Amino acid sequence: MGPAPAGEQHRRATEDPEVMGLAFEGMDKEKAPSRKRARTEPPAEGLLQPVNLSWEELYKEPTNEELNRLRETEILFHSTLLRLQVEELLKEVRLSEKKKERIDNFLKEVTKRIQKVPPVPEAELTDQSWLPAGVRVPLHQVPYAVKGSFRFRPPSQITVVGSYLLDTCMRPDINVDVAVTMPREILQDKDGLNQRYFRKRALYLAHLAYHLAQDPLFSSVRFSYMSGCHLKPSLLLRPHGKDERLVTVRLLPCPPLDFFRPCRLLPTKNNVRSAWYRGQSCPDYEPPTPHYNTWILQDVALETHMHLLASVLGSAQGLKDGVALLKVWLRQRELDKGLGGFNGFIISMLVAFLVSKRKIHTTMSGYQVLRSVLQFLATTDLTINGISFSLSSDPSLPTLAEFHQLFAVVFVDPSGRLNLCADVTASTYNQVQYEAELSMALLDSKADDGFQLLLMTPKPMIQAFDHVVHLHPLSRLQASCHQLKLWPELQDNGGDYVSAALGPLTNILVQGLGCRLHLLAHSRPPVPEWSINQDPPKHKDAGTLTLGFLFRPEGLTSVIDLGPEADKPEAADFRQFWGTRSELRRFQDGAIREAVVWEAESLFEKRLIPHQVVTHLLALHADIPDTCIQYVGGFLDALIQNPKEISSTGEEALALAVRCYDDLSRLLWGLEGLPLTVSAVQGAHPVLRYT
């Protein structure tokens, strides 16, 4: 046989293991340089590269620092996830060091500009002809006639106060409060009477506004109300250029610390004379003006409160974190807005109070401070049992009982004279207490979405309450004040008829709704800022007064409100409260009692009985007609009402229920504007589960 063909020899050679091994070895040698070249190539920019860790590095024992952090997480937080969420939230709301530096530079320039404002010669308070044409006094001067004189001098002291200095201010709205101390020579001994101090304060701001508005350093110079109080305007300054939205500086004029006699500003004293305000003298009795006195004391105590908070929060980062978390909690629930809001200053002072009572320790984390304050709010009713910083035994200071007679909510500062919650209504505090109870239950449940629901989800009034009432226009509340004879309240609030009527209105509705009501809250939108060449907004321009009602399921659909028996002395009060709605009725047990019967047949109409109660009481006691009331409630009932009379046949009733359920499901699927789409609707009732 001859030799094999060349192709066959090649095939056999490739099948030989030795030849195959040599071939692969040769291939490896050829590819080795290419691998080396691949390893030396730089990694692609922007891509994460794996970290090469040795076995010892990957499984080494944790360090003492890591063990301490794990122990802190176990003690101070529910979980590592919650700790990471809290830390990321605090990073988002805090100011960076670069922005702080830019704000500090702007504040230095503001101080220089204020000191250069020229003086004004002395003139009577009623002679305001010296004011330039480009600026208006940011105050309603009613009545206009008032004694005293005014002249402008540069401030004796300019001090940064508030949350910026304490490092507890929050993004995105950075407001820096600057206290501008008016020199002693422009004030007079009796400036505490009849709004003289507030008139001088407003004129001082108007003169500053005119000259600062001409400076190119500022892109915007506007007026605003301080915490919604119309007697205390503030001046808003914003920088020019790229930092226009970085910060807003609020100038707050205040008197020298020891100018006013403290005994004259006690809440039991009167500083607005009836003969001046109403034109009618009261020789026997002048009503106290607790809110008016409090607003002056707030200006006096600006720096004192600042020093107190700085001493408590200064080096305790956990307390600062806790204050920031509490501010986020309040903001998401809209509890800190407008006049009477439970604002960040009050919550900061509450933290300082709990530290002084050793209920909060300076070594606590921000999460622990949040829990401690929420627990205190949920279990402490400041409308009944007020609290006080003051440890003084001075008999001239008012007692907590005297504060409760004049204010709805009581939290007294270290001086023993100033109620920090003077503007907070009972309804607002009840809402704060209710939200604190819900938040504590959420934290104790250790739910996975607890952080999201507690601090990241907005909770406006329209979503938090069963029924909502809008009162508009607000000018109608002037008639309410006359109907309810609220002259002392108007005198105390400087003519603010919305604030004067708010407390009595809510008390009437709480009494009328009775056992149906679980919680009543109100919301006043903040008054927008205005230009320095415009008159200040009037009380009726504040928008709409909104009332929210949260009902108890039991008793909501009751069509009768029982009153006292006819021969009891309380029967006359019951008839006076309900007016023509009250009638005498005999019941099956033989009792003859006063009662109010509401017209409602279907369950849908029974659930809207509060609408009848609210409209009747507001018209009877506050002279507010139906045309001024917009009632929002019961809208879902229209979707589940039976379009036809339900047949007695069970199958037809079941089919009708299923059709209504299907219609409701389609409506939910078609909703727009939601953060997440509705992907499925499942019935939980046995009828919808065919069981």
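## Around Arg 199

Setting aside neighbours within four places in sequence, Arg 199 is in contact (heavy atoms within 4.5 Å) with Leu 125, Leu 139, Gln 141, Val 142, Pro 143, Tyr 144, Val 146 and Trp 276. Its side chain also gets to the backbone oxygen of Tyr 144, at 3.3 Å. Arg 199 sits in helix α8, residues 196-213; helices here are DSSP runs of H or I with at least four residues, strands are E runs of at least two, and both are numbered from the N terminus.

This is a predicted model, where local features need pLDDT of at least 70, side-chain atom pairs count only at pLDDT 80 or more, and totals for chains, interfaces and linings use all residues. Residues are numbered from 1 along each chain as its sequence is written, and side-chain values use heavy atoms, with hydrogens and water left out.

## A charge without a partner

Arg 199 is buried (under 20% relative accessible area, 1.4 Å probe, protein chains only), yet has no salt bridge, meaning a side-chain nitrogen of Lys or Arg within 4 Å of a carboxyl oxygen of Asp or Glu. The nearest side chain of opposite charge belongs to Asp 191, 11 Å away; Lys and Arg count as positive, Asp and Glu as negative, while His and the chain ends are not counted.

## The second largest pocket

A pocket is an open set of points on a 1 Å grid over the protein atoms alone, with protein on both sides within 12 Å along at least five of seven lines; lining residues have an atom within 4 Å of a point. The second largest one holds about 750 Å³ of space, a volume being the space filled by probe spheres set on the points, which are joined across faces, edges and corners. Its lining has 33 residues, with His 291, Ala 408, Ser 499, Gly 503 and Pro 504 nearest the centre. Helix α21 gives the most, 8 residues.

Note on methods
Buried means under 20% relative accessible area, exposed over 50%, partly exposed in between (1.4 Å probe, protein chains only). A polar contact is a pair of N or O atoms within 3.5 Å; within protein, one must be able to donate a hydrogen and the other to accept it, and residues adjacent in sequence count only if both atoms are side-chain atoms. On a 1 Å grid over the protein atoms alone, a cavity is a set of points where a 1.4 Å probe fits but cannot get out, and a pocket is an open set with protein on both sides within 12 Å along at least five of seven lines; lining residues have an atom within 4 Å of a point.
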